[in-house]
Amino acid sequence: MPDAFLIPALTDPIGDYGLEIKVTEDGIQAIDLHARPPMHGTRFPRPELVEALLVRGSVHWPNETIDTFGSKVLTVPRSTRWREAVSTALDGDWCAPLLRTGYLPSTALGALRAEARALHRQLVPVWRRRTRHGRVLSLDAALGDGLSLYDLVATDVDLLERVAVGVYEDERLNAVLRGMDAGERRVVFAYAEGEGSTWTEAAAAAGAADPESFGERVRRKAKRLAAEQHRRGAQRRTAPPLEG
């Protein structure tokens with residue numbers, strides 16, 4: 001794999017000058033601060049840190065490029081909100097050490113990932129953010145397959161503490177979702193909050209080690225739980241009244 005790359009200038013990523021860098025064992029070293037104009041179609045394969053530097057100045061990149069970078073390099077879900085967070089983080093000062101010292105450690109990628117996640121949290125609507133008592137969610141939150149959060153808790157909905165825009169996620173809601181363990185519930189809530197547009201992305205946002213298989217497992221379990229809730233609801237509606 002080649003260890004030298006040409007990237008856009010950090011101070012003017014869409015300008016006329018570039019920056020030649022060399023990949024080291026634990027980071028990136030600047031070689032030429034005033035290299036020839038950068039070619040964005042630079043050769044593959046590229047280390048993730050180089051990829052991040054190339055995609056910086058992302059205002060001129062197609063949305064798909066930002067989404068792909070976020071998904072593959074930063075391991076965050078694809079969505080309009082995540083795209084804005086990733087794009088804003090890329091244009092931040094995570095790579096400032098390369099300008100100051102001519103060297104950028106590999107840990108900068110972790111700082112970029114953390115900044116993107118922090119920005120995403122700020123972009124999440126207030127009613128979807130965690131509170132001191134839990135998290136506020138709408139029962140109308142879609143879970144795919146024609147399901148909503150309401151479908152998973154329908155027969156026990158009166159147990160939940162209501163607020164104007166939804167319900168608190170607290171131990172009562174967790175008890176209603178008793179068919180799932182804590183990790184599976186995190187995926188459900190991530191999906192309900194729009195942390196991913198697919199179960200795989202929701203599982204990744206929830207920190208699953210194998211998002212694809214775990215997300216599919218949770219999706220199937222959610223469908224089973226919803227079917228069980230509908231069955232119980234039908235039983236209640238058709239049960240004969242108790243004799244006084």
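A residue counts as buried when its relative accessible area is under 20%. By that cut-off, helix H1 is mostly covered, with seven of its eight residues buried. The structure here is a predicted model.

**Confidence**

The protein chain averages a pLDDT of 79. Of its residues, 77% score at least 70. Confidence is highest in strand S4 (residues 103-105), at a mean of 92. Strand S5 (residues 130-131) marks the lowest point, at 50.

**Helix H1 and the cores**

Which residues of H1 are buried? They are Leu-49, Val-50, Glu-51, Ala-52, Leu-53, Leu-54 and Val-55. In soluble globular proteins, nonpolar side chains tend to be buried together.

The largest nonpolar core holds 34 residues. Inside this core, Leu-53 and Trp-94 have the most contacts. Several elements each supply at least two of the core's residues: strands S1 (4-8), S2 (18-24) and S3 (27-35), along with helices H1, H2, H3 and H5 (108-123). H1 gives the largest share, six residues.

Leu-53 shows how these parts meet. Leaving aside residues up to four places away in sequence, Leu-53 touches Ile-7, Pro-8, Leu-10, Ile-21, Ile-28, Trp-94, Cys-95, Leu-98 and Leu-104. A second core is separate and has 29 residues. Among them are Leu-173, Val-188, Ala-208 and Ala-226.

**The second largest pocket**

H1 also takes part in a pocket. The second largest pocket has a volume of about 200 Å³. It is lined by 12 residues, and those closest to its centre are Arg-46, Glu-51, Val-55, Thr-68 and Phe-69. Helix H1 (48-55) and helix H2 (63-72) each supply at least two lining residues. By type, the lining divides into five nonpolar, three polar and four charged residues. Glu-51 and Val-55 are buried residues of H1, and both are among those closest to the pocket centre.

**Two residues with positive phi**

Most residues other than glycine have a negative phi. Thr-75 and Asp-145 go the other way: phi is positive in Thr-75 and in Asp-145.

| Residue | Phi | Place | Relative accessibility |
|---|---|---|---|
| Thr-75 | near 55 degrees | loop between H2 and helix H3 (80-90) | 39% |
| Asp-145 | near 55 degrees | loop between strand S7 (142-144) and strand S8 (147-148) | 45% |

Are these two residues buried, partly exposed or exposed? Thr-75 counts as partly exposed because its relative accessibility is 39%. Asp-145, at 45%, counts as partly exposed too.

Note on methods. Residues numbered from 1 in each chain as written. Predicted model: local features only at pLDDT ≥ 70, side-chain atom pairs only at ≥ 80, totals over all residues. Heavy atoms only, no water. 1 Å grid on protein atoms, 1.4 Å probe; cavity = no way out; pocket = protein on both sides within 12 Å on 5 of 7 lines; lining within 4 Å. Points joined across faces, edges and corners; volume = space filled by probe spheres on them. Helix = DSSP H or I, 4+ residues; strand = E, 2+ residues; numbered from the N terminus. Nonpolar A, V, L, I, M, F, W, Y, C, P; charged D, E, K, R; others polar. Buried < 20%, exposed > 50% of the residue type's maximum accessible area, 1.4 Å probe, protein only. pLDDT = per-residue confidence, 0-100. Core = buried A, V, L, I, M, F, W, Y, C linked by side-chain atoms within 4.5 Å. Contact = heavy atoms within 4.5 Å.
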